[in-house]
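Reader: I would like to look closely at a single part of this assembly, taking one chain and following its architecture step by step. Please set the wider arrangement of chains aside until the end.

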Amino acid sequence: MSTRLKPEEKKLKVVGTRPLRPDGVPKVTGIARYGADYSAPGMLWGRILRSPHAHARIRSIDTSKAQALPGVKAVMTSADLPEQKFEYVGPERVAVNFWHMTRNIMAREKVFYEGHAVAAVAAISKSTAEEALRLIEVDYEVLPHVIDVEEAMRPDAPLLFEDMITRGIDPAPDRPSNISKRLEFKIGDLDAGFAAADEIVEASLKTAPVHQGYLEPQACLARFDPDGQAEVWASSQGHFVIRALTAKLLGMEMGNLRVHPAEIGGGFGGKNVPYVEPVALALSRKTGHPVKIVMSREEVFKACGPAPGSSMTVRIGVRKDGKIVAADGVFKFQAGAFPGSPVMNACMCAFAPYDIPNVRSVGYDVVCNRPKTAAYRAPGSPVSAYAVESVVDMAAARIGMDPLQFRLQNIARPGTPTVWGPKHTHEGFTETIQALMKHPGYRAPLGRNQGRGVASGYWFNNGGESSAAVHVNEDGTVVVATGSADLSGTRASLAMMAAETLGIDYDKVRPIVADTASIGYGHLAAGSRTTFATGIAVVEACKKVIDNLRARAAMIWDVSAEDVIWEDGCARPAGGSKGRFEPLSLKAIAAKRGVTGGPIVAEVSVNAGGVAPGFATELCDVEVDPETGQVKVLRFVAAQDVGRAIHPSYVEGQIQGGAAQGIGWALNEEYIYDEAGRLTNAGFLDYRVPVASDLPRIETVLVEVPNPNHPFGVKGVGEANIVPSLAAVSNAVSHAIGRRMTELPMSPPKILKALSSER
Amino acid sequence: MAKHHVTATVNGDVVEFLCETRQSLLDVLRDELNLTGTKEGCGTGDCGACSVTIDGRLMCSCLVLGVEAEGKAIQTIEGMAAGKDLHPLQRQFLEHAALQCGICTPGILIAARSLLERNPDPTEDEVRYWLAGNLCRCTGYHKIVDAVLDAAREMRRP
Amino acid sequence: MSRASGRVTRHGSRVAGVRTPARVVFTGDFGDRYTGGVKEFAIEAKNLRGVIKALDALYPGLGEHLEKETTVAIDGEIHEVGYYQPVRPGCEIFFIPKIEGG
Amino acid sequence: MSEMRYEAPTTLAAAVALLAGANGRASVLAGGTDLLIRMRAGSVEPGLLIDIKGIPEMTSIVAENGGYRFGAAVPCMELLEHEAFAKAWPGVIDGVKLIGSIQVKGRATVGGNLCNASPAADSVPPLIAAGAVAGIVGPDGRRESPVENIVTGPGKTALARGEIVTSFLLPRRPPHAGDAYLRFTPRTEMDIAVVGVGVNLTLDDSGVCRQARVCLGAVAERALLVPEAAAALIGTRVDAAALKRLAAAASAACRPIDDKRGTKEFRIKVAGVMARRAAEMALARARRKN
């Protein structure tokens, strides 16, 4: 059980308790259906042919032999997808360029990474489809490749796009390069700041590319009917976004495409975008049969959006009294084959935890011969936080100050300007540091070869568009339908907020995730937004239902609606009619549904704002074996401002999951390439995610500083927890071995090499 | 080439199926017998999501051929509950919120039951090392271990 | 929709008028891309519709970019860009890059 | 894709006949935990799979003149659960226990672990340190071979065409004998050895080491028996000085490669560390064993 520091006791009956999740039984009995668990009569199996080269021009593709193989019903290439206009559409950081996206779904002129999709077949069995792939002949002109971000930025590096001129540099460079964009955020006067510093600490750090590591490979079943209407059953983090992107990639109207949300086996941002859906649909359009595609683990590692590798330099100027006066960060991120790494998030979040008058963050988005990056849990922020929190740790040590005290002294508070403009307005940062300072773990003694590291981390969280419908059944039970995919128990949290608002028991509310034709638009289940934004829509819909119920009670009692209030699940007479009638329960009113106006239904949509950021401060104790460089994580404590925990067990679960991913990222996870640019560890044996015996218990401290902009004080909790973890582990290892580790992952060979170098 | 005709017992019921030599038991369970509760996470025996027991022995069904199941007794997640009564492990996993996305849960439940059959009173370390072959990316394993320990306690009570 | 008057002056100079203007700021390189580097305006308006209309009058087409590419922080509170959002006299409005989560 | 046949013979003779008749296009299927992965990756495409799990001799564990003979197709978990064997050979058990997960060990066999011929196989160094002898059957009848002579390089063995390893014989244990196996991996489980060391030693009544065998894994093209390392222990009380010489000899014997799991320097250094620690474990076990 985690400790929960609650400012004041609320009289809530459901919110804050730990009920069983409504979708739990199907998951523990194997009945729940994930992306790969759907089938349909007459279904064909689809398989995708992928490039064996890291960078090559496609001269020609001969599919005739594959086409002729008995049992093969269709072979497709990028010619089966419409060409797209070259333009950046939508918000800068997540600018979508369909010219790039269609090429990432299936290569056109060139393949940009090993595993890049080149063609696909649909056949009557898996083995036939597998055999057909071998019969497709692709004539490649192999080109030199580049993967490391620093190498990709060199003027002589092989170019992925002959015409890519760096955006964000004025005047624009005259030569093309792999740098798709430079961006900069600045406040104050850097030179003056550093001039006023007593000590300046600087480090250059690198991180390797990593993968989200979701256990369920991408999978879908797609059906495209001859009349142009289509359906897809897929596991994703947002079936509405999958519908919009897939429809555009197929060149079809969104209204003709209905996407059903399968249960999703983990995503962490990696399933915000489509990979197999457009291919399966295109194959179904060609064959007139439903087509099922299930990716292998190797395909997921080689072709599905990893988090970027990076090369960073951070410089911090600090006065002897502990005040940070200046900070400068340069963040170079791999974008993969197409522009669009999360380097802007990284630049914005880097110094966000702190009140520093003179700050600059410069970011470079660099394409290279790797799969296009996708979001991975607070995308970009854990990477820049690793660099900043390492140098903050060095600064604290340089002036001999307790690392938590040093952070507390410089922490951002409401009114502190951010480097991207607006001032911080929400509390919750300091509280997490104070919670950790009071934690017994922070003072516990350390033995030989042991070290303790701390770090803080900021994440924006997200609001945005959500819809919710509430239907009251005649027996007083309630259906709550939303369009938010449920990765982590959000059906439970939404049902709890509905029950609390309506004043009825939790198990009277049945939440469902509705498909794209059954509920209003719902944005991704990403950015830690579901319980916040969709929660607001659910509460507003429940309030509309309550107004409806009050009006019906007024009808039943033949009084004016103003004289009816709703309290503890009942309509009660008030005002002029106070005391004249027995309260009417929801069930009682629902039973008189017909005579008082018909079905009791409300659907609400919101574009939720008033987002409060997520903030976490974490502590890690490690022991390093000086003879082998092996790291054992002894203890991990994570304090996170969660606003108000609706379902504390699943909030704790988010923190434990984020910390575990951060520990893996810091110690053992990396993409390893051979000289030909091919991935040598495209499997769970050599891509080492933490196993059960690698990890300690992950102690959680739920710091609850409610967000006034949410009916139940909710703040997003899903992502802030991973932001400090990389640095907390790295700082711990650095203290254990007395040398600053500046490269992730801290694999045993790297630690042993650091140990043999002088201090 | 003609497929193999295999007779085996799955969750107590005799079943017959046809399979190609190279077809794994995992694919047979999912694609021929429509028991989709056993999941594929990697296809190389590194993630444990496809765990089943064969004649009481815990195995990855992706590394077993369908044809090898001839005459064997196979237990999958679909057979873990006794009809409508959940197994204590299934209940404790729900109580402890020991699953988030749930894709690894069937494999972990099968593996945990196999552990408790051999070791009714495991230490936390014994649980963690036994479950090292079952990857989970959502939970960080903390609540999974607690749920297994609580289920063990419950099952030891007379 | 009442006639939303949005009077804008460049470089934040004060205009004797009915409402004290809001301080409107573009961050990141948004200004460099669309307004030749101008990043700050003083605009009187009742809601964000008025602000966007005023800016669109200054730089035709800018309104579309604001709606598609930015998130807005009004007195520090982050919101999706919405015409209906009220604008308090003298408040601070930052159009910031839209953020996507993982 | 060629069609693949599957046969499950119940006698050794039938298995050998099938293997001989397939002129090199057949693979032996025991646990399959390596073979199925290599088939799926396309690195091997057998025309015939010969499943040997139905042959009693290959799936039994029997005491034999004071020692033990276990079948090459005995699943690792069965070997681990055989208390008498585990008591006699804790070092071999150390190695077998580290192969894959519980699930993998439910299928994987020591015969498969050996014949897959990975230099990093976990059961091979302790088996060699134990002085185990492999029983082999083939078209020309039966023969025996010390385990260290079976593997010749990555993926290659000295078995003639049509030969199958049927069992392993471990000799009688003298008093004051102890063995141990340690490996280095970044994770605590589910990893392939970056370095592995098997040590088997015997003390005389006064505690002086009279016999020793030291075998390294994952630091050469195959498991490496290192006589110099054993010599560092023989005649000593396995004290700190002897252990230092053992470590140096172990590191000197390494001829590792750089690969995705470890660098040359790392393997060389850690081989010495692991050799010392394994020797200490074997020593402790030898002292306990009367």
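Which domains does the domain assignment give for chain D, and where do they lie along the chain? Please go on from there to the open sheet of chain D and its strand order.

Author: This is a predicted model, and in it the domain assignment of chain D gives domain 1 (5-51), domain 2 (56-170) and domain 3 (177-288). The C-alpha centres of domain 1 of chain D and domain 3 of chain D are 35 Å apart.

Turning to the sheet, chain D has an open sheet of 5 strands, in the order β4-β5-β10-β6-β7, and the pairing is antiparallel. Its edges are formed by β4 (61-64) and β7 (141-146) of chain D, each of which pairs on one side only, while the twist from one strand to the next averages 25 degrees.

At the β7 edge of chain D, strand β6 (residues 133-138) of chain D runs antiparallel to β7(D) and is joined to it by 6 bridges; within this part of the sheet, A134(D) stands opposite S145(D) in β7(D). Strand β6 of chain D is also one of the two strands, together with β10 (164-170) of chain D, across which helix α1 (residues 12-21) of chain D lies, and the helix runs at about 135 degrees to β10(D).

As for the surrounding chains, chain D has no contact with chain C, and the closest C-alpha atoms of these two chains lie 27 Å apart. Chains B and C likewise have no contact joining them, with their closest C-alpha atoms 14 Å apart, whereas chains A and B have the most contacts among the 4 pairs of chains that touch.

Methods. Residues are numbered from 1 along each chain as its sequence is written. Chains are lettered from A and ligands numbered from 1 in the order in which they are written. This is a predicted model: local features need pLDDT of at least 70, side-chain atom pairs count only at pLDDT 80 or more; totals for chains, interfaces and linings use all residues. Domain bounds come from an automatic or database domain assignment. Two residues are in contact if their C-beta atoms, placed from the backbone, lie within 7 Å. Two strands pair if DSSP finds at least two bridges between them. Helices (H or I, at least four residues) and strands (E, at least two) are DSSP runs, numbered from the N terminus. Axes are lines fitted to C-alpha atoms, for helices over the stretch in contact, and angles run from 0 to 180 degrees between N-to-C directions.
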